[in-house]
Amino acid sequence: MPKKTKKTSAGTPATTALTAAGTDFTLHSYEHDPAAPSYGEEAAQALGVEPGRVFKTLVASVDDRLTVAIVPVSATLDLKALASAVGGKRATMADPAAAERTTGYVRGGISPLGQRKRLPTALDESATGYETICVSAGRRGLEVELAPGDLASLTDAVLAPIARA
């Protein structure tokens with residue numbers, strides 16, 4: 001069973017930001033398998049949570065500006081919809097090294113919270129269908145569960161239909 005803790009810092013910038021903001025959240029940790037083909041689906045399975053409620057953090061380049069997209073692990077990012085949601089024309093996936101350097105996190109552990117540089121952010125509107133969702137807490141094997149409204153508020157995210165099945 002995953003370990004649960006309430007309102008404690010696991011030493012990541014994401015949990016530090018949540019604690020500093022006074023946001024209610026629950027941490028879930030699990031043993032990460034480096035051979036897992038999908039970090040997000042691995043998290044959903046390890047936590048016993050439906051994949052539509054676990055969200056992955058992706059970094060894209062919209063009109064040459066790095067942008068964060070938060071979509072369910074059971075879906076893929078619609079780049080055209082992301083560009084539109086943030087007022088851009090064209091989006092491509094960002095270079096992984098640029099994403100890591102800019103956010104301060106490693107691929108597979110990028111959190112939308114506590115990033116080194118605040119980036120424009122879009123959260124798939126499906127998140128509002130849940131009381132809480134899970135996102136990376138800043139390292140592989142560590143997820144944070146929080147209300148989608150809190151996530152949107154803390155990241156200044158726009159809510160938009162940016163995922164496709």
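Student: Which residue takes a positive phi in the hairpin of strand 3 and strand 4?

Tutor: That is Asp 63, with a phi near 50°. The hairpin has 2 residues between the strands. Keep in mind that this is a predicted model.

Student: What makes strand 3 and strand 4 a pair?

Tutor: Pairing needs at least two bridges between the strands. Strand 3 and strand 4 have 8, in the antiparallel sense, so they count as paired. Within this pair, Thr 57 stands opposite Ile 70 in strand 4.

Student: How do you know that strand 3 also pairs with strand 6?

Tutor: The test is again at least two bridges. Strand 6, residues 91-93, shares 3 antiparallel bridges with strand 3, so this is a pair too. Val 62, for instance, has Ala 91 as its bridge partner in strand 6.

Student: Why is strand 3 described as largely enclosed by the rest of the structure?

Tutor: A residue is buried when its relative accessible area is under 20%. In strand 3, 6 of the 8 residues are buried, so the description fits.

Student: Which residues have the most contacts inside the largest nonpolar core?

Tutor: They are Leu 123, Val 135, Val 144 and Leu 151, in a core of 25 residues. Strand 3 and strand 4 are among the elements that each supply at least two residues of this core.

Student: What makes Phe 55 and Ile 70 contacts of Leu 123?

Tutor: Contact means heavy atoms within 4.5 Å. Phe 55 and Ile 70 are among the residues in contact with Leu 123 when its neighbours within four places in sequence are left aside. Leu 151 is also included.

Note on methods. Residues numbered from 1 in each chain as written. Predicted model: local features only at pLDDT ≥ 70, side-chain atom pairs only at ≥ 80, totals over all residues. Heavy atoms only, no water. Core = buried A, V, L, I, M, F, W, Y, C linked by side-chain atoms within 4.5 Å. Buried < 20%, exposed > 50% of the residue type's maximum accessible area, 1.4 Å probe, protein only. Helix = DSSP H or I, 4+ residues; strand = E, 2+ residues; numbered from the N terminus.
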